[in-house]
There are 2 protein chains.
Amino acid sequence: MAFPSDRTPHGALGRQPLYAQVRERIVAAIESGEWDAGEALPSEFELADRFGVSQGTVRKGLDALVAEGVLRRRQGLGTFVAAVDDDWGRALPFGARQPIEATVELLSCSRVNGGEAAEALELRPGAPLISVVRLVRVLNEPFAVIESAVSLERFEGLDARRIRQADCNLRAVWWREFGLRVQSRSPVFRAVRAAREEARILGVSLDAPLLEVSAIAEAMGGGPVEWSVSRCRTDQYAYSVDGG
Amino acid sequence: MAFPSDRTPHGALGRQPLYAQVRERIVAAIESGEWDAGEALPSEFELADRFGVSQGTVRKGLDALVAEGVLRRRQGLGTFVAAVDDDWGRALPFGARQPIEATVELLSCSRVNGGEAAEALELRPGAPLISVVRLVRVLNEPFAVIESAVSLERFEGLDARRIRQADCNLRAVWWREFGLRVQSRSPVFRAVRAAREEARILGVSLDAPLLEVSAIAEAMGGGPVEWSVSRCRTDQYAYSVDGG
DNA sequence: TAGTGGTCTAGACCACTTG
DNA sequence: AAGTGGTCTAGACCACTAC
């Protein structure tokens, strides 16, 4: 079903190229829940008809979303909405190139008043945040502690139950419960000494070197949404990014 | 109307799409030195004529190289060969997003017989390599030590003089002297304790935590060429990737 | 066989930069 | 005004996957 406004792309939407407008409309449709993860989109020609453009233009819009990891295509089959990846990178055995599967566990979900995180999220200093702390295990051994923070106002109603329901995949929660597809920007790395609390949780000695990975994730429409910092022990596995 | 096979030799090498062949031929021309860094390529229509394809097909080939950072386009001006970036990431002041300029200095260039590096480069165990050690300074303070290794056989004639002539930018040497455009794959990260030698060079205490970044760089035609491992102190600046 | 993504063309027009 | 990249179309055909 095509809304009348679907066929007037040259109008008031700010003169972006048509393929960019197509991309935005598809993102909006995904965020609105029109197609779920794993579900097929209409064919390129159907989308072209719906948006009033040619197949090549639809295709260029889809290309961008495939490159961003939001969509996957299989020739002869269709175009599908990708599952939301968990964000925190991958654990690589030394020398290997294939990451090892990891499990994630929720340690805490609490309200805090943000300092550094609030600034990174472009909120006022001391704005109320929700802080989520998770533990990543590889082969049942502790690998990383991830602290994530989001605006309390924007994610009202977030609690431990909802996070566990989504297998502790925060990106999945943002999408299913709050209608936001979120993606990380380039992370930033440091090497630090383990503090007491981290050392205890990760099972390393005090002052052991830990890899610190800080990242800010943005909604696809723009604007920072999620601040996170991971601390990883890298004595057994190395850390690689590879994921949005 | 010309069939693709009329003008393009895609019978033997496994039928790649025309735009991929265009990409390869442009890479080959760049590596052969037909256009230098900063120089403009012929217009899209001229290239289309030269390769016997349409402008849209040339454009799609150029798109790929622009995405890889090999080319830059400016509307109304032309398409230009990008300068080769140095590889080892960027030093970021905490909280900032703009990296700080760094200077690179050559510490040594010597022949070694490779262990881990030879394996990563898909050479036989113990194959002769050239090892290049460089020091990166930020605001004149030591920031990172980079050890790189390449096949001695492939890069015969490499010496300290040639490296210094290129301002210690190894990628520039690979291109100008050996005709190879080289790009990094995803790096891998660890946190380690500083060994004696590194601690001395970087000016940190023994056992201080250092960020270790390992990467393998490949030629654009495929195949690993350069193995490298950096050790960075991250007490003053954080480390970000951002570059191919 | 029918429907999907994947490629390619020829031509048109727009937006930008330089003389 | 001329030349460049940037966008868009309509239609064609190919390659793959299902039924």
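**Exercise 1.** How many nonpolar, polar and charged residues does the surface near DNA strand C have in this predicted model?

*Solution.* Begin with the residues that surround DNA strand C, of which there are 24. Sorting this surface by class then gives seven nonpolar, 10 polar and seven charged residues. Among the 24, the closest are R59(A), L18(B), Y19(B), S54(B) and T57(B). On the side of the strand, sugar and phosphate account for 81% of the atoms of DNA strand C that come within 4 Å of the protein.

**Exercise 2.** Determine which helices and strands each supply at least two residues of the surface near DNA strand C.

*Solution.* In chain A, the elements that do so are α2 (44–51), α3 (55–67), β1 (71–74) and β2 (78–81), while in chain B they are α2 (18–31) and α4 (55–67).

**Exercise 3.** Identify polar atoms of the protein that lie within 3.5 Å of a phosphate oxygen of DNA strand C.

*Solution.* Take the backbone first: a polar backbone atom of E44(A) is 2.9 Å from a phosphate oxygen of the strand. Turning to side chains, an N or O atom of T79(A) is placed 3.2 Å from a phosphate oxygen of DNA strand C, and for K60(B) the distance from a side-chain N or O atom to a phosphate oxygen is 3.2 Å.

**Exercise 4.** What rotation and what shift along its axis superpose chain B on chain A?

*Solution.* The superposition takes a rotation of 180° with a shift of 0.0 Å along the axis, and leaves an RMSD of 0.1 Å. This is therefore the relation of a two-fold axis. The same surface serves both copies, in that 100% of the contact residues of chain B recur in chain A.

Technical notes. Residues are numbered from 1 along each chain as its sequence is written. Chains are lettered from A and ligands numbered from 1 in the order in which they are written. This is a predicted model: local features need pLDDT of at least 70, side-chain atom pairs count only at pLDDT 80 or more; totals for chains, interfaces and linings use all residues. Side-chain values use heavy atoms; hydrogens and water are left out. Copies are superposed by least squares on the C-alpha atoms of residues with pLDDT of at least 70 in both. Contact means heavy atoms within 4.5 Å. A residue is near a molecule or strand if one of its heavy atoms lies within 4 Å of it. A polar contact is a pair of N or O atoms within 3.5 Å; within protein, one must be able to donate a hydrogen and the other to accept it, and residues adjacent in sequence count only if both atoms are side-chain atoms. Helices (H or I, at least four residues) and strands (E, at least two) are DSSP runs, numbered from the N terminus. Ala, Val, Leu, Ile, Met, Phe, Trp, Tyr, Cys and Pro count as nonpolar, Asp, Glu, Lys and Arg as charged, and the others, Gly among them, as polar.
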